[in-house]
Amino acid sequence: MTNRALVIDDSPDVCLVVETLLGRLGYKTTSASDGVEGLRLFSQLRPALVITDLFMPHGDGIETIKEIRRHDRHVPIIAMSGAATTMNFLQIALKLGADAAIAKPFSLKELSDTIARSTPQAVG
Amino acid sequence: MPPALNRRRVQPCPQRSPDKTLGVSGEIVRPENFVHALVHDLNNLLTPILSLTELVRIGLPHDDASVPLLSMIEQTTLRARNLVQRILTTGDGSPNVYKSVDLSELLRKSLPALAASMPSMIRLQHRIDPTPAIFGDADELHRVILNLTTNAVHAIGQQCGTISVSLSTETNQNSTDRDMVRLVVADTGSGMDDATRRRIFQPFFSTKEPGHGAGIGLTIVSTIVATHSGSIRVISQPGKGARFEIDLPSAGKRRIPSVT
């Protein structure tokens with residue numbers, strides 16, 4: 001079972017941070033800057049965990065989640081958003097097939113807890 | 001921006017019909033899209049501050065002199081996060097509350113203020129039938145009305161035009177399913193081609209000039225409609241305006257008496 005995680009976010013800083021946090025949790029990471037690239041990497045790497053932003057200019061996270069779910073019903077998907085407070089995007093993500101959702105910004109513990117909720121056999 | 005959006009009509013504005021028209025001249029102030037985009041970007045900026053500070057702190061010995069300072073950065077960032085989140089909430093910042101909502105009453109309360117914020121060259125007309133209550137969040141449904149009418153104002157631009165808002169009941173004849181409440185917002189603006197129509201609910205898609213909207217207003221609309229188990233469709237052609245039809249399931253069969 002691979003422990004690779006795929007991070008999808010159009011912000012390089014957010015990708016770097018999430019990859020760093022995931023590294024502390026024992027994951028090997030790969031990042032994509034949009035949903036299109038994310039789907040390509042998902043098909044290529046078959047990661048054990050996907051963490052994707054919802055708001056991206058190219059290939060938004062909602063479509064990305066739907067597309068991944070079409071091909072893989074089991075891989076844990078965590079949706080994250082920086083504008084999720086009142087707009088129910090996170091709830092939408094859950095309806096579309098994400099296993100958990102987290103609002104940016106978040107701490108290491110918040111991310112760790114979220115991963116634990118979505119992946120019972122999470123690494124770390 | 002498609003060329004049609006820049007086209008101005010040369011004919012004079014028709015006179016407003018007093019019995020069907022709301023509103024007076026005013027200034028358009030629609031910061032909502034900008035605010036959401038700003039909040040999104042602010043939260044992205046706060047992410048490395050919060051997470052990386054925490055990582056540095058937990059890598060230090062507990063008695064390191066920098067630990068209290070780093071904790072202060074974390075606590076300050078968390079306060080900033082809460083402050084940013086409050087921008088997106090209304091009132092006391094409480095989460096969304098679903099309850100029985102009379103959309104006709106909501107419209108009657110909302111339309112005068114919306115009309116007052118529209119340019120004088122735009123006429124707002126409405127037909128609000130008594131409809132069944134729906135189960136939803138009144139604030140979010142108000143946002144739907146606000147975003148659709150704002151979108152209509154932008155589609156009409158600096159020319160004369162009409163925005164029509166209607167509310168009716170679509171009776172379900174086929175089964176025991178609930179009746180649907182149909183909200184329609186139509187405009188006489190520039191309209192759109194099929195390629196544009198297919199993309200208008202995508203985040204950050206906009207036909208407006210940079211600085212005139214983040215392109216998430218209609219994304220918010222479609223998301224709110226989806227969370228209310230509703231559907232939305234758009235009928236439009238270039239130069240022939242646009243018509244947004246939203247169907248929302250009623251909370252029950254019983255009709256609500258007309259608000260007069």
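**First stop: a proline in chain A**

Select Pro47(A) to begin: this residue is buried, with a relative accessible area of 6%. You are looking at a predicted model, so keep that in mind as you click along. Pro47(A) sits in the loop between H2 and S3 of chain A. Now add Thr29(A) to the selection and draw a C-alpha to C-alpha line: the two residues are 8.8 Å apart in space, although 18 residues apart in sequence.

**Zoom out to chain A**

Switch to a cartoon of chain A. How many helices and strands does its secondary structure come to? There are five helices and five strands in chain A. Follow the ribbon from the N terminus and you will meet the elements in the order β-α-β-α-β-α-β-α-β-α. Chain A has 124 residues, and 57% of them count as buried. If you show contacts with a separation of 6 or more, residues 24 or more positions apart account for 63% of them in this chain.

**The sheet of chain A**

Next, colour the strands. In chain A, five strands make an open sheet with parallel pairing, and the order across it is S2-S1-S3-S4-S5. Which strands are at the edges? They are strand S2 (28-32) and strand S5 (100-103) of chain A, each of which pairs on one side only. Ignoring direction, neighbouring strands of this sheet are turned by 20° against each other on average.

Now turn to helix H2, residues 35-45 of chain A. This helix lies across strand S1 (4-8), S2 and S3 of chain A. Measured against S2(A) in your viewer, the helix should be running at about 145°.

**Strand S3 of chain A**

Select residues 49-53 of chain A, which make up strand S3. Is S3(A) enclosed or open to the outside? Five of its five residues are buried, so S3(A) is largely enclosed by the rest of the structure. Show the side chains to see how they are arranged. Leu49(A), Ile51(A) and Asp53(A) point one way from the strand, while Val50(A) and Thr52(A) point the other way. This fits a common pattern: in a regular strand the side chains alternate between the two faces of the sheet.

With S3(A) still selected, look at the strands beside it. On one pairing, S1(A) and S3(A) run in the parallel sense over four bridges, and Leu6(A) has Val50(A) as its bridge partner in S3(A). On another, S3(A) pairs with strand S4 (residues 77-81) of chain A, again parallel and over four bridges. Here Val50(A) has Ile77(A) as its bridge partner in S4(A), and Ile51(A) has Ile78(A). To see how the chain gets from S3(A) to S4(A), trace it through helix H3 (residues 61-71) of chain A: this β-α-β crossover is right-handed.

**Over to chain B**

Hide chain A and bring up chain B, which has seven helices and eight strands. Buried residues make up 44% of its 260 residues. Among the contacts in chain B with a separation of 6 or more, 75% come from residues 24 or more positions apart.

**Two crossing helices**

Select helix H5 (residues 138-156) and helix H7 (residues 217-227) of chain B. Their axes come within 9 Å and cross at roughly 145°, and the crossing of H5(B) past H7(B) is left-handed. Which residues of the two helices meet? From H5(B), show Glu140(B), Arg143(B), Val144(B), Asn147(B), Leu148(B) and Asn151(B); from H7(B), show Gly217(B), Leu218(B), Ile220(B), Val221(B), Ile224(B) and Thr227(B). Colour this contact by class and you will find six nonpolar, four polar and two charged residues.

**An antiparallel pair**

Move on to strand S6, residues 180-187 of chain B. This strand is mostly covered, with seven of its eight residues buried. Strand S5 (residues 161-170) of chain B runs antiparallel to S6(B), and eight bridges join the two. To find one of the pairs, select Ser164(B), whose bridge partner in S6(B) is Ala186(B).

**Last stop: a proline in chain B**

Finish at Pro130(B), in the loop between strand S3 (122-128) and strand S4 (132-136) of chain B. Pro130(B) counts as partly exposed because its relative accessibility is 36%, and partly exposed covers the range between under 20% for buried and over 50% for exposed. Finally, click on Thr169(B): from Pro130(B) this residue is 39 residues apart in sequence and 7.9 Å apart in space, C-alpha to C-alpha.

Terms used:
Residues numbered from 1 in each chain as written. Chains lettered and ligands numbered in written order. Predicted model: local features only at pLDDT ≥ 70, side-chain atom pairs only at ≥ 80, totals over all residues. Heavy atoms only, no water. Buried < 20%, exposed > 50% of the residue type's maximum accessible area, 1.4 Å probe, protein only. Pairing = 2+ DSSP bridges. Axes fitted to C-alpha atoms, helices over the stretch in contact; angles between N-to-C directions. Contact = heavy atoms within 4.5 Å. Left-handed = near helix turned anticlockwise from the far one by under 90°. Nonpolar A, V, L, I, M, F, W, Y, C, P; charged D, E, K, R; others polar. Right-handed = clockwise from strand over helix to strand, strands pointing away.
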